[in-house]
Amino acid sequence: MGILWTIIIGFIVGLIAKFIMPGDNEPRGFILTTVLGIVGAFVATWLGQAVGWYRFGEGAGFIGSVVGAIILLFLYGLVIGRQGRA
């Protein structure tokens, strides 16, 4: 059941991140949106643990996951934007 909730929350987080930071260079589709949200949660957890906001084994919250997904979306736009101009 934990994996299912992770996928559902990841999809919601990915949608919110795409809504906050729209653009032409964004991933499209259900699977990429879900992956964006899930990886965003992992990025937020890793950054939070590195900075000292979370203890080891403690995950990022919903807002932290959205921020992590926005960071990934920004980096994705930079990489795709450079490939499109080359």
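Buried residues account for 29% of the 86 residues in this protein. What you're looking at is a predicted model, and it has 3 helices and 0 strands. Follow the chain along its sequence and you get the pattern α-α-α.

**The whole protein**
- The protein exposes about 5,900 Å², and 73% of that comes from carbon and sulfur atoms.
- Take the contacts between residues at least 6 apart in sequence: 61% of them join residues at least 24 apart.

**The largest nonpolar core**
- Which residues make up the largest nonpolar core? There are 6 of them: Val13, Ala17, Leu36, Val66, Ala69 and Leu73.
- Two elements give two or more residues to this core, namely helix H1 (2–20) and helix H3 (62–85).
- H3 gives the most, with 3 residues.
- Val13, a member of this core, is a good place to start exploring.
- Leaving aside residues up to four places away in sequence, Val13 touches Gly37, Phe62, Ser65, Val66 and Ala69.
- Of those partners, Val66 and Ala69 belong to the core as well.
- As background, nonpolar side chains in soluble globular proteins tend to be buried together.

**Helix H2 and what follows**
- H2 covers residues 30–51, which is 22 residues in total.
- From its first C-alpha to its last, H2 reaches 31 Å, close to the 32 Å expected at 1.5 Å a residue.
- Which residues of H2 are buried? They are Thr33, Thr34, Leu36, Gly37, Ile38, Gly40, Val43, Ala44, Thr45 and Gly48.
- One of these, Leu36, also sits in the largest nonpolar core, and another, Gly37, is touched by Val13.
- Just after H2 comes Gly52, with a positive phi of about 105°.

**Trp46, on helix H2**
- Trp46 lies in helix H2. Is Trp46 buried or exposed?
- Trp46 counts as exposed because its relative accessible area is 57%, and the cut-off for exposed is over 50%.
- Trp46 and Gly68 are 22 residues apart in sequence, while their C-alpha atoms are 9.5 Å apart in space.

**Two loop residues**
- Where is Pro22? Look in the loop between H1 and H2.
- Pro22 has 60% relative accessibility, so Pro22 is classed as exposed.
- Between Pro22 and Leu73 there are 9.2 Å in space, C-alpha to C-alpha, although the two are 51 residues apart in sequence.
- Leu73 is one of the residues in the largest nonpolar core.
- Phe56 is found in the loop between H2 and H3.
- Phe56 is also exposed, because its relative accessibility is 83%.
- Phe56 and Trp46 are 10 residues apart in sequence and 9.4 Å apart from C-alpha to C-alpha.

**Tyr76, on helix H3**
- Helix H3 holds Tyr76.
- Why does Tyr76 count as partly exposed? Its relative accessibility is 34%, and partly exposed covers values between the buried limit of under 20% and the exposed limit of over 50%.
- Tyr76 and Leu36 are 40 residues apart in sequence, with their C-alpha atoms 9.8 Å apart in space.
- Leu36 is worth finding again here: it is buried in H2 and is part of the largest nonpolar core.

Terms used:
Residues are numbered from 1 along each chain as its sequence is written. This is a predicted model: local features need pLDDT of at least 70, side-chain atom pairs count only at pLDDT 80 or more; totals for chains, interfaces and linings use all residues. Side-chain values use heavy atoms; hydrogens and water are left out. A nonpolar core is a set of buried Ala, Val, Leu, Ile, Met, Phe, Trp, Tyr and Cys residues joined through side-chain atoms within 4.5 Å. Buried means under 20% relative accessible area, exposed over 50%, partly exposed in between (1.4 Å probe, protein chains only). Helices (H or I, at least four residues) and strands (E, at least two) are DSSP runs, numbered from the N terminus. Contact means heavy atoms within 4.5 Å. Accessible areas come from the Shrake-Rupley method with a 1.4 Å probe; for residues, only the protein chains shown count as cover. The expected span of a helix is 1.5 Å times one less than its number of residues.
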